[in-house]
Amino acid sequence: MADQSESAGSTVEHDKSLMEKISEKIHDHESSSSSSSDSDNEKPESPKSEKPKVFRIFGREKPVHHVFGGGKPADVFLWRNKKVSAGVLGGATAVWVLFELLEYHLLTLVGHILIGTLAVLFLWSNAHSFIHKTPPRIPEVHLPEEPFLQVASELRLQINWAFAVLHDIASGRELKKFLIVIAGLWVLSIVGTWCNFLTLFYISFVLLHTVPVIYEKYEDKIDPFAEKATIEFKKHYAVFDAKVLSKIPQGLKNKRS
């Protein structure tokens, strides 16, 4: 009887272990099938199509606002704050009208402004008790040092860069730059016969406050025309190079210091 009970117990244990193995295999099969179905459902990501490179004037890759420095000067040039931009342009126009059309002189204007301002403040400060008004609060003006140092540093870098370019041109290294500079100076000399420095500065100032904002607004229409003009210019320059520049002796073109 004991042997029969032991054999029956071992048979039951064997059946239990067998059932556990079968259930584990079924579970493994279900998990593998579910993972395979998930992997089948996942679609491979299509590679992002690269956008064609758009032609921009001067080969710029940043927005116009970043080209102008991205600060308050850029906001003024691009009319981010219309009141400030209009005030700056109106002030420049008033200065040009005073000095150019009315033929006012700078020292005379500064002297008259200071005389009027000091006279009003002096009389107000001494007569406030008679007119029953509070005396004027004249603020103390202290110019910070840092902005002037930044402007001077940036100006120094630009002047050094211009001197380096002129040095390369004068040394006979850059024939293309030499021709561009000569043409630019020739155009500038012609423009100088038409108007004086103040008018030229005012025209440049107006263009600086109008051309960038117009270009930023219509750059998608302007850039294709600029691309066509650039292609035509390169064609004409290639012809000029083949007929003229290529005939210049190589020792003159590639002269090194």
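# Helix pairs, patches and ring contacts

User: Which helix gives the largest share of the nonpolar patch?

Analyst: Helix α7 (residues 175–194) gives the largest share, three residues. Helices here are DSSP runs of H or I with at least four residues, strands are runs of E with at least two, and both are numbered from the N terminus. This is a predicted model, in which local features need pLDDT of at least 70 and side-chain atom pairs count only at pLDDT 80 or more, while totals for chains, interfaces and linings use all residues. Residues are numbered from 1 along each chain as its sequence is written, and side-chain values use heavy atoms, with hydrogens and water left out.

User: What makes the nonpolar patch, and what is its area?

Analyst: Phe 178, Leu 179, Ile 182, Phe 240 and Val 244 make a patch of about 390 Å². A patch takes residues with over 30% relative accessible area and no salt bridge; like charges are joined within 9 Å, and nonpolar side chains (Val, Leu, Ile, Met, Phe, Trp, Tyr) within 5 Å. Areas come from the Shrake-Rupley method with a 1.4 Å probe, and for residues only the protein chains shown count as cover.

User: Why is Phe 240 called partly exposed?

Analyst: Phe 240, found in helix α9 (residues 219–243), has a relative accessible area of 36%. Buried means under 20%, exposed means over 50%, and partly exposed is in between (1.4 Å probe, protein chains only). The value of 36% lies in between, so Phe 240 is partly exposed.

User: How do you know that Glu 216 and Arg 80 form a salt bridge?

Analyst: Their closest N and O atoms are 2.9 Å apart. The criterion is a side-chain nitrogen of Lys or Arg within 4 Å of a carboxyl oxygen of Asp or Glu, so the pair qualifies. The bridge links distant parts of the chain, 136 residues apart: Glu 216 is in helix α8 (residues 197–217), and Arg 80 is in the loop between α3 (72–77) and α4 (82–101). Glu 216, at 23% relative accessibility, is partly exposed, and Arg 80, at 44%, is partly exposed too.

User: How many salt bridges does a search of the whole structure find, and what makes Lys 235 and Glu 232 one of them?

Analyst: The search finds two. In Lys 235 and Glu 232 the closest N and O atoms are 3.9 Å apart, so the distance is within the cut-off. Both residues lie in helix α9, three residues apart, about one turn of the helix. Glu 232 counts as partly exposed at 41% relative accessibility.

User: Why is the pair of Phe 233 and Tyr 237 called stacked, edge-to-face or tilted?

Analyst: The whole structure has four aromatic pairs. In this one the ring centres are 6.4 Å apart and the planes are at 25°. Rings of Phe, Tyr and Trp (its six-membered ring) pair if their centres lie within 6.5 Å; planes under 30 degrees apart count as stacked, over 60 as edge-to-face, and the rest as tilted. The pair is therefore stacked. Phe 233 and Tyr 237 both lie in helix α9, four residues apart, about one turn of the helix. Phe 233 is exposed at 54%, whereas Tyr 237 is partly exposed at 28%. Elsewhere, ring pairs link Phe 197, Phe 201 and Phe 205 into a cluster.

User: How do you know that Lys 228 lies over the face of Phe 225?

Analyst: Lys 228 is at 5.8 Å from the ring centre of Phe 225. A charge sits over a ring if NZ of Lys or CZ of Arg is within 6 Å of the ring centre and within 35 degrees of the ring normal, so the distance of 5.8 Å fits.

User: What is notable about the phi of Trp 79 and of Glu 103?

Analyst: Most residues other than glycine have a negative phi. Trp 79 has a positive phi of about 60°, and Glu 103 has one of about 55°; neither residue is a glycine. Trp 79 sits in the loop between α3 and α4 and is partly exposed at 26%. Glu 103 sits in the loop between α4 and α5 (106–131) and is exposed at 60%.

User: What secondary structure does the protein chain have, and what percentage of its residues count as buried?

Analyst: The chain has 10 helices and zero strands. Of its 257 residues, 10% count as buried.
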